[in-house]
Amino acid sequence: MTFDHILVARILLTLMTAGWSLGTVLADFNKTHATNPHWTPHARFHVVWQICSYSGFGLLNLALIWWPGPLALERLYLAALIGTIVYAAFFVALFAMPVYGGGAYDKSGYEPYPAPLPLFATKWDVNVTVFSVQLVILAASLVALTR
């Protein structure tokens with residue numbers, strides 16, 4: 001395997017995929033979400049469903065990224081598209097919170113932290129911060145693919 005723009009894209013897409021698949025398992029399958037006694041049983045069911053779905057789709061994405069064979073470039077674009085869908089859905093849910101009465105955090109979960117750079121707010125949300133960084137990684141992978 002040679003170190004070229006395709007390998008860079010694969011590494012970046014792998015990091016991006018880990019962010020929404022493995023990261024979801026680590027962040028949500030614990031007392032802040034899936035086993036949170038303050039959540040309704042049905043809400044916990046949905047978060048476990050999400051965790052399991054994202055894990056499966058993450059494995060699919062890794063296969064698209066690393067499986068040898070034909071259409072490697074097309075599979076990388078498909079992996080990027082799947083990540084784009086996941087992150088777009090997150091930001092749609094975030095911006096639509098006023099419509100459905102949602103919240104980016106709650107007292108028994110991951111609370112916002114003081115902003116290291118208070119550009120837009122004095123406190124930053126963990127999910128928004130992590131997913132924004134992941135968007136940068138996704139964008140970098142697309143730049144690598146177009147080289």
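# A guided tour from Tyr113 to helix α3

Begin by selecting Tyr113, which is partly exposed because its relative accessible area is 26%, a class that lies between buried (under 20% relative accessible area) and exposed (over 50%), computed with a 1.4 Å probe on protein chains only. The model is predicted, so local features need pLDDT of at least 70 and side-chain atom pairs count only at pLDDT 80 or more, whereas totals for chains, interfaces and linings use all residues. Residues are numbered from 1 along each chain as its sequence is written, and side-chain values use heavy atoms, with hydrogens and water left out.

**The whole chain**

Zoom out to the full chain, whose secondary structure comes to six helices and two strands, where helices (H or I, at least four residues) and strands (E, at least two) are DSSP runs numbered from the N terminus. Read along the sequence, the pattern is α-α-α-α-α-β-β-α, and the C-alpha trace spans about 50 × 35 × 25 Å along its principal axes. Buried residues make up 31% of the 147 residues.

**Aromatic pairs**

Colour the aromatic rings next: a search of the whole structure finds seven aromatic pairs, a pair being rings of Phe, Tyr and Trp (its six-membered ring) with centres within 6.5 Å, and with planes under 30 degrees apart counted as stacked, over 60 as edge-to-face and the rest as tilted. Select Phe90 and Phe131, an edge-to-face pair at 4.4 Å centre to centre with 65° between the planes. This pair links distant parts of the chain, since Phe90 sits in helix α4 and Phe131 in helix α6 (residues 126-145), 41 residues apart. Both Phe90 and Phe131 are buried.

Return now to Tyr113 and add Trp124, which together form an edge-to-face pair at 6.4 Å centre to centre and 75° between the planes. Tyr113 belongs to strand β1 (residues 113-114) and Trp124 to strand β2 (residues 123-124), so this pair ties together parts that are eleven residues apart in sequence. Trp124, at 22% relative accessibility, counts as partly exposed. To see a larger group of rings, select Tyr87, Phe90, Phe91, Phe95 and Phe131, which form one aromatic cluster.

**Helix α3 and its partners**

Select residues 41-66, helix α3, and compare its length with expectation: at 1.5 Å a residue, taken as 1.5 Å times one less than the number of residues, the 26 residues of α3 should span 38 Å, and the end C-alpha atoms are 37 Å apart, which agrees. Within α3, Val47, Ile51, Gly58, Asn61, Leu64 and Ile65 are buried, and the buried residues of this helix pack against α1, α2 (22-28) and α4.

Add helix α1 (residues 5-20), whose axis comes within 10 Å of that of α3 and crosses it at roughly 175°; axes are lines fitted to C-alpha atoms, for helices over the stretch in contact, with angles from 0 to 180 degrees between N-to-C directions. The two helices are therefore roughly antiparallel to each other, the class for angles over 145 degrees. Residues in contact (heavy atoms within 4.5 Å) include Leu7, Arg10 and Trp20 in α1, and Tyr54, Phe57 and Trp66 in α3. The contact residues divide into ten nonpolar, four polar and one charged, with Ala, Val, Leu, Ile, Met, Phe, Trp, Tyr, Cys and Pro counted as nonpolar, Asp, Glu, Lys and Arg as charged, and the others, Gly among them, as polar.

**Last stop: Leu71**

Finish at Leu71, in the loop between α3 and α4 (72-95), where phi is positive at about 60° although the residue is not a glycine. Leu71 is exposed, with a relative accessible area of 56%.

Note on methods
Parallel < 35°, antiparallel > 145°, perpendicular 65-115°, else oblique.
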